[in-house]
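Subject: The structure I promised you

Hi,

Here is the structure we talked about, for you to open and turn around while you read. My notes on what turned up follow below.

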Amino acid sequence: MQGIRLKRACLFLWWAACLWRGAPAEASTSVIFPESWEIGQAFAVALSSHSVFESPSVTWMNRVVSLDVEPGREGYVSYGLLGSYVRDVKPGDYPLEFQFVQDGERFLVQCTVQLKAKKYPEEHLKVDGKMVTPPKKQLARIQKEAKLTAAARRTMTQKRLWTTPPARPVSGVFTSSYGFRRVYNGVPKGYHAGTDFRAPVGTSVKAPFAGKVVLTGNHYYAGGSIFIDSGNGVVSLFFHMSEIAVKEGDTIAKGQVVGKSGATGRVTGPHLHYGLSLAGQYVDAAPLFETSITALLKTMKSAVVRE
Ligand SMILES: [Zn+2]
């Protein structure tokens, strides 16, 4: 089991009281994760066991991601969706740590994921000059909005409301992909952190995942915006909306209409920008529309960590 280490952490007595003890012969516990993956692309992780476990989490890129516990084919399972933001992450080996409590003991499983570079193309755009270098009087507003959106993206809830594949938010084709190096009016301005869909102003926008609205607003760059938390660090962002049909705290069903697309904020024309943040890392949502967590997990390494 190269690259994986299981550690028994200290025993906490308060956990022992509420544990069900499975027969040792059936107590096999496994983790599933990618040994190697491309930067910017989402991957799946899972923890599964014949016997019950509690308080599962996975630590990735210095974030602790709370996982849910669900009935699985052979007992219990926790699923996670993770990734890395092309702007912030360099190729290399990164630690991934599972934690759980089983039979009254706390376990840590230390794994390593090798992240490989992926080439994303450059995109030159012409926008209104004030959207490249904002007027000074807008700086306070921009800073305030950056704080609000960062907090929304840090939302971490345990219940898994996301299911795969996600529903497409609009039926239009992709017009700009994730990871494009964006050059606005000749000035490099970072990377495209989402997927743009063709959508005339007024197109109904559906939630790709069930969840809860954590932020709505009319922001300087993003225009009409909605942030939806779907659990385990999975947060969806919708930008440039002309109408917002939900409010903070609303519970959203998968496929529910959350508003109408538009051309508000920093845009070159009407479209829907859909962003997917996984534990704070913006990833490429596009491939997820064509796959499922089960299919993703099949491509990854599975390792028994407890017999
Ligand atoms: Zn976009």
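Before we start on the strands: helices and strands here are DSSP runs, a strand having at least two residues and a helix at least four, and both are numbered from the N terminus. Keep in mind too that this is a predicted model.

**The whole protein**

With that in hand, the protein comes out with three helices and 24 strands. Its radius of gyration is 21 Å, close to the 19 Å that the globule rule gives for 307 residues, so the protein is as compact as a globular protein of that length. If you lay the C-alpha trace along its principal axes, it spans about 65 × 40 × 35 Å.

How much of the protein counts as buried? The figure is 54% of the 307 residues. The protein exposes about 14200 Å², and 53% of that comes from carbon and sulfur atoms. As for charge, there are 37 positive and 24 negative side chains, with the centres of the two sets 7 Å apart.

One more overall number: take the contacts between residues at least 6 apart in sequence, and 72% of them join residues at least 24 apart.

**The zinc ion**

Which residues hold the donors of the zinc ion? They are H192 (through NE2), D196 (through OD) and H273 (through ND1), and they lie 2.0 to 2.1 Å from the ion. Written as a spacing along the sequence, that gives H-x3-D-x76-H. The pair D196 and H273 links distant parts of the chain: D196 is in strand β15 (residues 195-197) and H273 is in strand β22 (residues 272-278), 77 residues apart.

Are those two buried or exposed? D196 has a relative accessible area of 4%, so it counts as buried, and H273 is buried as well, at 8%. The cut-off for buried is under 20%.

**Strand β17**

Next, have a look at H219, which sits in strand β17 (residues 211-219). H219 counts as buried because its relative accessibility is 8%, and the limit is under 20%. Setting aside neighbours within four places in sequence, H219 is in contact with R141, E145, T149 and S225.

T216 lies in strand β17 too. Again without neighbours within four places, T216 is in contact with S225, I226, I244, V246, K247 and E248. Pick out I244 from that list: T216 and I244 are 28 residues apart along the chain, and their C-alpha atoms are separated by 7.8 Å. Notice that S225 is on the contact list of H219 and also on that of T216.

**F43 and its neighbours**

F43 is in strand β4 (residues 43-49), and it is buried, with a relative accessible area of 1%. What does F43 touch, not counting residues up to four places away in sequence? The list is P34, W37, W60, G80, L81, L82, G83 and M300. Try finding P270 from there: it is 227 residues from F43 in sequence and 30 Å away in space, C-alpha to C-alpha.

**A few loops worth a click**

- G104 is in the loop between β9 (92-102) and β10 (105-116). G104 is buried, with a relative accessible area of 0%. From G104 to Y191 it is 87 residues in sequence and 46 Å in space, C-alpha to C-alpha.
- The peptide bond from T164 to P165 is cis, with omega near -10°. P165 lies in the loop between α2 (139-153) and β12 (174-176).
- M61 is not a glycine, yet it has a positive phi of about 55°. You'll find M61 in the loop between β5 (54-60) and β6 (63-66).
- N232 also has a positive phi, near 60°, in a residue other than glycine. N232 is placed in the loop between β18 (223-229) and β19 (234-244), and it is buried, with a relative accessible area of 0%.

If you want somewhere to begin, go to the zinc ion and its donors H192, D196 and H273, then move on to H219 in β17.

Cheers

Terms used:
Residues numbered from 1 in each chain as written. Predicted model: local features only at pLDDT ≥ 70, side-chain atom pairs only at ≥ 80, totals over all residues. Heavy atoms only, no water. Rg over C-alpha atoms; globule rule 2.2 N^0.38 Å. Buried < 20%, exposed > 50% of the residue type's maximum accessible area, 1.4 Å probe, protein only. Contact = heavy atoms within 4.5 Å. Areas by Shrake-Rupley, 256 points an atom, 1.4 Å probe, with all protein chains shown as cover. Lys, Arg positive; Asp, Glu negative; His and termini not counted. Charge placed at Lys NZ, Arg CZ, Asp CG, Glu CD. Donors = N, O, S within 2.8 Å, 3.2 Å for Na, K, Ca; no water.
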